[in-house]
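Q: Please take a close look at the empty space enclosed in this model, and describe what surrounds it before turning to the open pocket that can be set beside it.

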Amino acid sequence: MFVFRLVSDFIAPLKSMCQQDQILMTLMKLRLGLKNADLALRFSVSASTVSKVINRCIPIVAVRLKFLIHWPSKETVKRNLPKKFRKKKYSNGRVIIDCSEIFTERPYNLKTRAKTWSNYKHHHTFKFLVGITPYGAVSFLSSSWGGRISDKDITLKSRFYNKVEYGDMIMADRGFTISEELALKGATLGMPPFTTGRTQLLECIVLDARQISALRIHVERAIERIKNFQILSQICPLTFAPLLGDSVLCGSYKLTSKANQVILMAMLSMSWPFLYIKILRVKVKC
């Protein structure tokens, strides 16, 4: 597999588990969200060994896959603009941003409990910022923050503005009141208009809002694909919180540019047969 070839040299074998089994276990944990006790039964090891492998391998996989999430140049974005973005009004679109939240357990510490409470989700959550290019590749991914943080604050603290260049158009939801910050960079904000205090919107404003929403929907689809990794769609245990940011990065690597996807599929087609044999053996055993 592509991931195995990329990280195998950085993972030391254990007495009870070889490198292949460790990587397979890590991928199963991320993709299927299996419990440690389940993985221990499948691989005939103790639960403590599973915890040790997961805590060690996820950061390694994330570091090795991090290069796939990069901020493309303005020329690259313009050269690959979809037809919907080629209109004069949206031709400067550089990135579409949005935040997503992952449920977590209620912390014992009161300060931590306050920082992770999300008024939007009515639950304790971790929040991260995702940015995708107009052609659908993840180009920006922040670290995880407590669910209490606002969209505006997470955009500032994640140093997103350091990526913005003069003339860029950033597309976002109404929660991102960052037009002034972008103006300092010579960039513009494209988002649906606010309806508060208005009894009726003009026809041109309604049409503009529909167009922006139709373009913005792609980032929500990207986040949905990231959360196809079941470990991110479950309630995150507090013990797993230090690995959450790396898990999000691992879930994002598939949403790379088309060229990278071709490379990934080509390398996947050359996967080593023993990994498929191991997968079949695990399925039969369970």
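**The lining of the largest cavity**

A: In this predicted model, the largest cavity is lined by Lys74, Val77, Lys78, Asn92, Gly93, Arg94 and Asp168. The space inside this cavity comes to about 30 Å³, and the count of cavities of 30 Å³ or more is one. Helix H5 (74-79) and strand S1 each supply at least two residues of this lining, with H5 giving the most, namely three residues. Sorted by class, the lining of the largest cavity holds one nonpolar residue, two polar residues and four charged residues.

Strand S1, which spans 93-103, also belongs to the elements that give two or more residues to the lining of a second space, the second largest pocket. That pocket has a volume of about 610 Å³, and among the 26 residues that line it, those closest to its centre are Cys99, Ser100, Glu101, Tyr120 and Lys121. Besides S1, strand S2 (117-118) and helix H9 (203-226) each give two or more residues to the lining of the second largest pocket, although the largest share, six residues, comes from S1. By class, the lining of this pocket is made up of eight nonpolar, seven polar and eleven charged residues.

Strand S1 therefore takes part in both linings, since S1 supplies at least two residues to the largest cavity and six residues to the second largest pocket.

Technical notes. Residues numbered from 1 in each chain as written. Predicted model: local features only at pLDDT ≥ 70, side-chain atom pairs only at ≥ 80, totals over all residues. Heavy atoms only, no water. 1 Å grid on protein atoms, 1.4 Å probe; cavity = no way out; pocket = protein on both sides within 12 Å on 5 of 7 lines; lining within 4 Å. Points joined across faces, edges and corners; volume = space filled by probe spheres on them. Helix = DSSP H or I, 4+ residues; strand = E, 2+ residues; numbered from the N terminus. Nonpolar A, V, L, I, M, F, W, Y, C, P; charged D, E, K, R; others polar.
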